[in-house]
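Please examine the sequence and the three-dimensional model below. The explanation that follows leads through strand pairing, the ligand site and the aromatic side chains.

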Amino acid sequence: MTALNETAATAPQVDPNKLMNFVFRAVEEAGAALKCALVVMGDRLGYYRSLADNGPSTPAELAERTGTDEHYAREWLNAQAAGMFVAYDAATGRYHLPPEQAVALADETSPAFVGGLFQIAHGTASDAHRIVEVARTGDGVSWGDHNADVHTGCERFFRPSYAAHLITDWLPALDGVVDKLTSGAAVADVGCGHGASTILMAQAFPASTFLGTDGHAGSIATARERAAESGTGPRISFDTAAADGFGGGPYDLVTMFDCLHDMGDPIGAARHVREVIADDGTWMIVEPAAGDQVEDNFNPVGRAYYGFSTLLCTPASLAQPVGLALGTQAGPARIRDVVTAAGFSRFRLAAQTPFNNVFEVRP
Ligand SMILES: C[S@@+](CC[C@H](N)C(=O)[O-])C[C@H]1O[C@@H](n2cnc3c(N)ncnc32)[C@H](O)[C@@H]1O
């Protein structure tokens, strides 16, 4: 009796208004989860492209132009309008993409393009059932074992940002690196995925040579195809190799784009970079934007990255030997610990965007 009374006395009071507010917020989140698949659908069926090219459209017009069934076009448009990605004019019954949304959803060359972000998010969520299993055992799921939307979505998410910042902002922020690349340098781009960063650098610096490496053979095969299409020729090559074992050197510049935290043994990789980098070389590490304290990352960007960290990056690291699992939101202090443990003596934050921290690391 006493215990029951004490429980009743200390039980927190539920405020019905706060409860309903939370339920509506949760409904919004469930709508956002479905929206992820709907954006991928619109991207894949050419709905956004068609709306951007043709202006205000009826469901029948959109369906006809994209060769799709009108029932699906109508429901998709209404879902988009309810979620405020597409605007609806009740007077005309037409739907259109406001100019800003047209850039973000239909212009793949813009740094604001979000189609790739939704593709990698959708691909990641599609494999979440596997993460439920390994969360019980502590095993991992390697990068290469995910579906192709993860790999291609990653490329489409990051490439526009690299195209906007790498050559004009990030490399110039590193001490003396642009001069070396201009006169002819040896570069290793480690964990290069589909090679977007490697190809952008090769196109910008024709006197330099570039080796892109990645542990995932499928990504390297795609990188070779992309390089062949880019016309960069023999100055660029790709190898399937782990970050703690790629060949060649000494390198004037080693780069790692959004991959150090995915590695099982980032300190082992850092030690290998220390072995193959020239004495006056530079290691550029591009990592997801993050602060050192978890609460620094409780914002929209951190929210998305912690989602990727749980479902993609942490399992990728745990699938490899050591399994350090830095997490997608490691923050500068943790990255500094990794590189100093491997014998590097200089570390600084050289540049930042809302999505990335760019570190300069030197022997
Ligand atoms: C998030 S993706 C980034 C790919 C690419 N750098 C980009 O920015 O588009 C991470 C990449 O790191 C690679 N990776 C993870 N661990 C690795 C390791 N130990 N050695 C080499 N590559 C690794 C994965 O295969 C994947 O291609």
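In this predicted model, strand 7 and strand 9 (residues 356-362) are paired in the antiparallel sense, with six bridges between them. Within this pairing, P288 stands opposite N356 of strand 9. Strand 7 itself spans residues 277-288 and is mostly covered, ten of its twelve residues being buried.

Strand 7 also pairs with strand 6 (residues 251-257), here in the parallel sense and again over six bridges. One position in this second pairing is given by F257, whose bridge partner in strand 7 is V286. Between the two parallel strands the chain passes through helix 13 (residues 266-276), and the resulting β-α-β crossover from strand 6 to strand 7 is right-handed.

F257 leads on to the ligand, since this residue is listed among the closest of the 19 residues that surround it, together with Y162, G191, D214 and A243. Polar contacts involve both backbone and side-chain atoms. A backbone N or O atom of A243 lies 2.9 Å from a nitrogen atom of the ligand, and a backbone N or O atom of G215 lies 3.1 Å from a ligand nitrogen atom. From a side chain, a polar atom of Q320 is placed 2.9 Å from a nitrogen atom of the ligand. On its own the ligand has 590 Å² of accessible area, of which the protein covers 93%.

F257 and Y162 belong as well to one aromatic cluster, whose other members are F157, F158, W170 and F355. In total, the structure holds 13 aromatic pairs. How are the rings of Y48 and W76 arranged? Their centres are 5.1 Å apart and their planes meet at 65°; an angle over 60 degrees counts as edge-to-face, and the pair is therefore assigned to that class. The two residues are 28 apart in the chain and link distant parts of it, Y48 lying in helix 3 (residues 47-54) and W76 in helix 5 (residues 70-82). Y48 has a relative accessible area of 1%, under the 20% limit, and is therefore buried. W76, at 1% relative accessibility, likewise counts as buried.

A further pair is formed by F347 and F359, with ring centres 5.0 Å apart and planes at 25°, so this pair is stacked. F347 belongs to strand 8 (residues 346-352) and F359 to strand 9, so that the pair links distant parts of the chain, twelve residues apart. F347 is buried at a relative accessible area of 14%, and F359 is buried at 1%.

Terms used
Residues are numbered from 1 along each chain as its sequence is written. This is a predicted model: local features need pLDDT of at least 70, side-chain atom pairs count only at pLDDT 80 or more; totals for chains, interfaces and linings use all residues. Side-chain values use heavy atoms; hydrogens and water are left out. Buried means under 20% relative accessible area, exposed over 50%, partly exposed in between (1.4 Å probe, protein chains only). Helices (H or I, at least four residues) and strands (E, at least two) are DSSP runs, numbered from the N terminus. Two strands pair if DSSP finds at least two bridges between them. A crossover is right-handed if, with the strands pointing away from the viewer, the path from the first strand over the helix to the second runs clockwise. A residue is near a molecule or strand if one of its heavy atoms lies within 4 Å of it. A polar contact is a pair of N or O atoms within 3.5 Å; within protein, one must be able to donate a hydrogen and the other to accept it, and residues adjacent in sequence count only if both atoms are side-chain atoms. Accessible areas come from the Shrake-Rupley method with a 1.4 Å probe; for residues, only the protein chains shown count as cover. Rings of Phe, Tyr and Trp (its six-membered ring) pair if their centres lie within 6.5 Å; planes under 30 degrees apart count as stacked, over 60 as edge-to-face and the rest as tilted.
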